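Reader: I'm new to this one and would like a close look at a single part. Could you walk me through how two of the helices meet, and then show me what else is worth finding from there?

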Amino acid sequence: MVRAIVGANWGDEGKGKITDMLARESDIIVRFQGGSNAGHTIINNYGKFALHLLPSGVFYDHTTSIIGNGVALNIPYLMDEIQSLVDRGVPKPRILVSDRAQILMPYHVLFDTYEEARLAGKSFGSTKSGIAPFYSDKYAKIGFQVSELFDEETLVEKVDRVCTLKNIMLEHLYHKPPIDPAELMETLHQYRDMVAPYVCDVSAYLHEALKEGKTILLEGQLGSLKDPDHGIYPMVTSSSTLAAYGAIGAGIPPYEIKDIITVVKAYSSAVGAGAFVSEIFGGEADELRRRGGDGGEFGATTGRPRRMGWFDAVATRYGCRIQGATEVALTVLDVLGYLDELPVCVGYEVDGEIIKDFPTTVKLEKAKPVYVKLPGWKCEIRGIRKYEDLPENCRNYVEFIEKEIGVPITMVSNGPGRDEIIYRNESVD
Ligand code: GDP
């Protein structure tokens, strides 16, 4: 049985916490897209961790953690991340890396940095982790697969060919020093030796696991609105953030994904540039940012303050639909207990017309939020374990959101910890 855990919004919905929680009853956790550009924050009995490349299931000793073929694999980064867990007393996780995953090359990080500098004020707000240059190369068919590290002859030929191309750009567009193919070969030999113990035909492994009835979690990064096809293009990430892509990025049949747990944040936050209709500013935003998440809404990778906003039902309904959400986990509800009233964006006004369907980017840029205001509950809800025990206004907020998005909210998260969760029915126990 395969379950996907994905985001309905702009990322940072709390997928890491939900994955860490559900990993307890799972055998295998797979990262299927993205790279070290986004982070999941997890709090458990070993402490507080910001994971970037490893799946959020690495804290259990019964699970196998997999880097699927869809991931941008930064090999030294992965090694450091594994070591940093071991250094903090976490038992060394069992990790497999797909032989079809492609390698994030040192020059991808350089190109990302140079391009952001070249674009200056018009940049995409990249985390400069090399993700966009990586995926460009993958689809331009000049990327390096893990399997290729083990074939010296092919590797030498390809390194030469790719360096010729990259060096023209470095010299003439960015005015930077060229890449030395011999040096790059040396780096790739090191990468080969580092990754060798983990390499696996992941698709075949998962095929067997499915036959044996194992439980597999697919862990998404970022959210629907950052998907390159269905998100706020071009202010998106470079790999698909959708559950459907989980089948491709892990190498499993699409019909095996039975449950798509879509994580929805009880308010909005976003990083990077792009239209954000229900965004708030000034003191109002500062307060929500300060109180938000666990210790404030600041990027797990960059430390950048996140942009803040009220709950956007238009964007979230769309985000759930495009994921194919079968159920929703509503997170960080505890953060909102300080508000007298809670604005919820229920429509967009575009050129004098009210729309309910999330539009393409050109229209989105012109959209103004249409709010309804719900009364606040004005108390702390952390520690509550039963849905009926939540204050009435809090339940009304949850049920209002549920009605707007049209997907059952089966889990309500009211704190960052593993056990801070309220189940509303039996489907996920
Ligand atoms: P992800 O990328 O979707 O995993 O999200 P992040 O880890 O970047 O952001 C979620 C943040 O909110 C983390 O700091 C979590 O510890 C925290 N968090 C998750 N769920 C809750 C919750 O229900 N309440 C509170 N207060 N914090 C939460």
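Author: Look at how α3 goes past α4: the crossing is right-handed. Keep in mind that this is a predicted model. Helix α3 covers residues 106–119 and helix α4 covers residues 131–139, and the two pack at an angle of about 120 degrees with their axes 7 Å apart. Angles of 65 to 115 degrees would count as roughly perpendicular, and those over 145 as roughly antiparallel, so α3 ends up oblique to α4.

Now zoom in on the residues that touch. On the α3 side you'll find Tyr107, His108, Phe111 and Asp112, and they meet Ile131, Pro133, Phe134 and Asp137 of α4. Sorted by class, this contact between α3 and α4 has five nonpolar residues, one polar and two charged.

If you carry on along the chain from α4, you come to the loop between α4 and α5 (152–174), and that's where Lys141 sits. Lys141 is a bit of an oddity: its phi is positive, about 65 degrees, even though it is not a glycine.

For another helix pair, try α2 (residues 75–87) and α6 (residues 181–195), whose axes come within 9 Å and cross at roughly 40 degrees. Angles under 35 degrees would count as roughly parallel, so α2 is oblique to α6. This crossing is left-handed, whereas α3 passes α4 in a right-handed one. Ile75, Pro76 and Met79 come from α2, while Tyr191, Met194 and Val195 come from α6. By class, you get six nonpolar residues here, with no polar and no charged ones.

While you're exploring loops, stop at the one between β10 (216–223) and α8 (243–250), which holds Pro234. The peptide bond joining Tyr233 to Pro234 is cis, with omega at about 10 degrees.

Last stop, the ligand. There are 19 residues around it, and the closest are Gly16, His40, Thr41, Asp334 and Ser413. Gly16 also puts a backbone N or O atom 2.7 Å from an oxygen atom of the ligand. Gly293 uses its backbone too: one of its polar backbone atoms is 2.9 Å from a nitrogen atom of the ligand. With Arg306 it's the side chain instead, where a polar atom lies 3.3 Å from a ligand oxygen atom.

Conventions: Residues are numbered from 1 along each chain as its sequence is written. This is a predicted model: local features need pLDDT of at least 70, side-chain atom pairs count only at pLDDT 80 or more; totals for chains, interfaces and linings use all residues. Side-chain values use heavy atoms; hydrogens and water are left out. Axes are lines fitted to C-alpha atoms, for helices over the stretch in contact, and angles run from 0 to 180 degrees between N-to-C directions. Helices (H or I, at least four residues) and strands (E, at least two) are DSSP runs, numbered from the N terminus. A crossing is left-handed if the near helix is turned anticlockwise from the far one by less than a right angle, and right-handed if clockwise. Contact means heavy atoms within 4.5 Å. Ala, Val, Leu, Ile, Met, Phe, Trp, Tyr, Cys and Pro count as nonpolar, Asp, Glu, Lys and Arg as charged, and the others, Gly among them, as polar. A residue is near a molecule or strand if one of its heavy atoms lies within 4 Å of it. A polar contact is a pair of N or O atoms within 3.5 Å; within protein, one must be able to donate a hydrogen and the other to accept it, and residues adjacent in sequence count only if both atoms are side-chain atoms.
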